[in-house]
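Reader: I'd like a close look at one part of this protein, with the strand pairing and the odd backbone angles spelled out. Could you walk me through it in one go?

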Amino acid sequence: MTEIRPKTPPTYEQLRTMAGQELGVSEWTTVDQNRIDQFAECTGDHQWIHVDPERARRQSPFRTTIAHGYLTLSIIGALALGMGIVPENTQAAFNYGFDKVRFLAPVKVGARIRLRTTLLSMEDRGPGQYLMKAANTVEIEGEEKPALTAETLVMLYERRKRAGA
């Protein structure tokens, strides 16, 4: 597959016509033990499969710690922003939810992941308001199976033009 990295963000008008098109592929990011431990601290999820490398080496079927599924899911937003797919004249973009989230393969400590995003729809929700639905796949470097797939819903608010401007 060809990687598409927009040089400039698409406009709202362009996004309205891009349903079914790949919006981009993010840079690779490493999921290290420090990141996993910080997520465990923030969420209170200290399950040994995530935070105890020695026990995971002995008892886990993966022989190493793995990232929390929700950690991998939460990285989608930052990776998407890094792709430059939000129009420049956006006043605000809010997470509106997820559809069809599936955790398909574990992200082992030290793995590199990236995001591949395809626009599913761009729905008008009022003057200057759009609900963007995108299909996301978090790929694991060197692995055939992705870590997860999820449809994201993002509410976008277009910056309004000032009268007389």
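Which residues does the UniProt annotation "domain: MaoC-like" cover? Please start from that stretch and follow the strands and side chains from there.

Author: Happy to. Keep in mind that this is a predicted model. According to the UniProt record, an unreviewed entry, the "domain: MaoC-like" annotation covers residues 18-126. Over that stretch the chain is 33% helix and 34% strand, and the C-alpha atoms at its two ends sit 20 Å apart.

Let's take the strands, with S4 (residues 111-126) as our anchor. Strand S1 (residues 22-25) runs antiparallel to S4, and 3 bridges join the two. If you want a spot to zoom in on, Glu-22 stands opposite Thr-118 in S4. Strand S2 (residues 29-31) is also antiparallel to S4, again with 3 bridges; here Thr-30 has Arg-112 as its bridge partner. Then there is S5 (residues 129-140), which is joined to S4 by 12 bridges, antiparallel once more. In that pairing, Ile-113 stands opposite Ile-140. S4 and S5 form a hairpin with 2 residues between the strands, and Gly-128 takes a positive phi near 70° there.

Gly-128 is a glycine, but you'll also find positive phi values in residues that are not. Arg-63 has one of about 60°, and this residue is found in the loop between H4 and H5. Lys-100 has a phi near 50°, but Lys-100 lies within a strand, S3 (residues 90-103). Its relative accessible area is 57%, so Lys-100 counts as exposed.

Back to the loop that holds Arg-63. Thr-64 is found there too, between helix H4 (53-59) and helix H5 (69-82). Leaving aside neighbours within four places in sequence, Thr-64 is in contact with Ile-49, Ala-56, Arg-57, Lys-108 and Val-109. As for Gly-110, its C-alpha is 9.7 Å from that of Thr-64, with their positions 46 residues apart in sequence.

Now for the rings. The structure holds 3 aromatic pairs, and two of them bring in the strands we've just met. Take Tyr-12 and Tyr-130: their ring centres are 4.7 Å apart and their planes are at 25°, so this pair is stacked. Tyr-12 lies in helix H1 (residues 12-16) and Tyr-130 in S5, so the pair ties together parts that are 118 residues apart in sequence. Both Tyr-12 and Tyr-130 are buried.

Phe-94 and Tyr-157 give you an edge-to-face pair, at 5.8 Å centre to centre with 75° between the planes. Phe-94 comes from S3 and Tyr-157 from strand S6 (residues 148-158), so this contact between rings ties together parts that are 63 residues apart in sequence. Phe-94 has 49% relative accessibility and so counts as partly exposed. Tyr-157 is at 29%, which also makes that residue partly exposed.

So, if you're setting up views, I'd go strand by strand and then ring by ring. Put S4 in the middle of the screen and pick out its partners S1, S2 and S5. From S5, go to Tyr-130 and across to Tyr-12 in H1. From S3, take Phe-94 over to Tyr-157 in S6, and have a look at Lys-100 in S3 as well.

Notes
Residues are numbered from 1 along each chain as its sequence is written. This is a predicted model: local features need pLDDT of at least 70, side-chain atom pairs count only at pLDDT 80 or more; totals for chains, interfaces and linings use all residues. Side-chain values use heavy atoms; hydrogens and water are left out. Helices (H or I, at least four residues) and strands (E, at least two) are DSSP runs, numbered from the N terminus. Contact means heavy atoms within 4.5 Å. Buried means under 20% relative accessible area, exposed over 50%, partly exposed in between (1.4 Å probe, protein chains only). Rings of Phe, Tyr and Trp (its six-membered ring) pair if their centres lie within 6.5 Å; planes under 30 degrees apart count as stacked, over 60 as edge-to-face and the rest as tilted. UniProt positions are given in the numbering used here, feature names are shortened, and annotations may be inferred rather than shown by experiment. Two strands pair if DSSP finds at least two bridges between them.
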